[in-house]
Structure formats: structure tokens, C-alpha cells
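Subject: Structure for you to look at

Hello,

Here is the structure I promised to pass on. Please open it and keep it beside you while you read.

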Amino acid sequence: PVDIVCGGSPCQDLSIAGLRAGLAGARSGLFMEQLRVIREMRDADRARGRTALAVRPRYMLWENVPGALSSHDGEDFRQVLESLIRIKDPVADVPLPAAGRWLPAGEIMGDGHSLAWRVLDAAQGWGVAQRRKRIFVVLDLGGERAGEVLFESEGVSGYTPPGREA
């Protein structure tokens with residue numbers, strides 16, 4: 001049992017530079033496997049008598065290219081969000097935004113769960129010469145902390161807090 005499942009499905013099917021096969025692409029199946037693993041782990045925990053916040057994993061982190069927001073006119077990203085929320089709420093419906101496109105950051109709150117996404121430069125602060133924008137999606141299956149994970153900083157930009165002693 002784990003508290004968080006992290007992963008990023010291969011980006012070629014969602015990338016603007018790729019063939020744009022989307023979630024139906026041959027390489028996007030890893031996302032569906034992540035969902036399957038999470039469901040099976042949560043079912044097993046419930047079968048062992050665990051309830052509420054004790055059911056694991058509580059969190060999921062998915063990473064991909066920002067092209068995921070626009071793949072198949074936003075429908076692929078809508079399916080990602082809806083599939084994640086349906087782990088907790090099997091009848092959840094996530095509509096496409098009224099504006100017809102996904103913003104680079106957002107949050108969905110549910111009854112006892114939350115989901116947030118944000119495009120970040122994964123290279124910023126790591127000394128990498130090129131920009132590496134990525135979309136990160138955090139799912140909190142036990143509460144309303146997904147937005148806190150992505151949007152609340154622990155310090156000032158560029159400030160690295162001192163490390164702990166060994």
C-alpha cells in the first residue's frame with residue numbers, strides 16, 4: 001500500500017509535436033493502467049476494512065506535456081480529469097469549459113475529493129538551459145488539498161529553505 005501514485009504517461013500521443021493520437025494512441029495506455037492500479041489498491045484497502053482517509057492511495061500525481069490541454073480540442077484532457085474524479089465519484093461529469101479551451105491552471109472540488117492542474121516549467125530552478133513546460137495534475141481522493149499542493153508555495157520564489165540535518 002502506498003499513499004501516492006505518481007506517473008506520466010508517454011507524451012508523444014498528446015504532444016503538439018507528435019501525431020496527436022490522444023488518449024486513444026498506443027502509448028497512452030499507461031494512464032489507464034495507473035487508474036486500474038489505484039482502483040484495485042483502494043478496493044483492496046476497503047476489503048480489509050479500511051475506511052475514509054485510511055483508504056490508500058489517497059493521492060495521484062499525473063504529469064504530461066501542455067499539449068494535453070488541447071489534444072482533440074480539449075476532449076482528451078476532459079477525459080483525464082473525469083477519469084480521475086470517477087475513481088471517487090463513479091457518476092461524475094466534467095464538461096468542457098464554456099470558453100472551449102482549458103486554462104493552464106484550475107481546480108475541481110467534489111464531495112470529499114479534489115483535483116487541481118497547473119502548467120509549470122519543470123526546468124526552472126534546476127539549472128537546465130531549455131524550458132520544459134509540463135502540466136501537473138494532483139488528485140486528492142480524501143479531501144480538498146489538491147489545490148494546496150499545486151498553488152501554495154512554501155517560500156519565496158528563488159528561495160530554497162535550508163536542508164535538515166542528517
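S83 is a good place to start, and you will find it in helix α2. Keep in mind that this is a predicted model. Is S83 buried or exposed? Its relative accessibility is 17%, under the 20% cut-off, so S83 counts as buried. Which residues does S83 touch, leaving out those up to four places away in sequence? They are F31, L35 and R39.

Those contacts lead to a helix pair. F31, L35 and R39 belong to α1, and they meet V80, S83 and L84 of α2. By type, the residues of this contact are four nonpolar, one polar and one charged. Two packed helices are described by the angle between their axes and the distance between the axes. Here the axes of α1 and α2 come within 11 Å and cross at roughly 10 degrees. An angle under 35 degrees counts as roughly parallel, so α1 is roughly parallel to α2.

Now take α2 as a whole. Nine of its 11 residues are buried, so α2 is largely enclosed by the rest of the structure. The buried ones are D76, F77, R78, V80, L81, E82, S83, L84 and I85. Charged residues are on that list too, including D76 and R78. What covers the buried residues of α2? The cover includes α1, β2, β3, β4 and β5.

Next, the core. The largest nonpolar core has 23 residues. Within it, W62, F77, L84, W117 and V137 touch the most other members. The elements that give two or more residues to this core are α1, β2, α2, β4 and β5. Helix α2 gives the largest share, five residues. Look closely at F77. Leaving aside neighbours within four places in sequence, F77 is in contact with W62, A68, L69, W102, W117, I135 and V137. Another core lies apart from the largest one. This other core has five residues, among them F136, V138, A146 and L150.

Then the sheet. Strands of a sheet pair through backbone hydrogen bonds, either parallel or antiparallel. In this model, five strands form an open sheet with mixed pairing. In what order do the strands lie? The order is β1-β2-β5-β4-β3. The edge strands are β1 (4-7) and β3 (105-109), and each pairs on one side only. From one strand to the next, the twist averages 10 degrees.

Two of the pairings are worth tracing on your screen. Strands β3 and β4 (residues 114-121) pair in the antiparallel sense, over five bridges. Along this pair, E107 stands opposite A116 in β4. The hairpin of β3 and β4 has four residues between the strands. G112 in this hairpin takes a positive phi near 85 degrees. On to the second pairing. Strands β4 and β5 run antiparallel, and eight bridges join them. Here R118 stands opposite F136 in β5.

Last, go back to α1, residues 29-47. This helix lies across β1 and β2 (59-64). It runs at about 175 degrees to β2. So α1 touches on both topics of this email: it lies across two strands, and it makes contact with α2 through F31, L35 and R39.

Best wishes

Technical notes:
Residues are numbered from 1 along each chain as its sequence is written. This is a predicted model: local features need pLDDT of at least 70, side-chain atom pairs count only at pLDDT 80 or more; totals for chains, interfaces and linings use all residues. Side-chain values use heavy atoms; hydrogens and water are left out. Two strands pair if DSSP finds at least two bridges between them. Axes are lines fitted to C-alpha atoms, for helices over the stretch in contact, and angles run from 0 to 180 degrees between N-to-C directions. Contact means heavy atoms within 4.5 Å. A nonpolar core is a set of buried Ala, Val, Leu, Ile, Met, Phe, Trp, Tyr and Cys residues joined through side-chain atoms within 4.5 Å. Buried means under 20% relative accessible area, exposed over 50%, partly exposed in between (1.4 Å probe, protein chains only). Angles under 35 degrees count as roughly parallel, over 145 as roughly antiparallel, 65 to 115 as roughly perpendicular and the rest as oblique.
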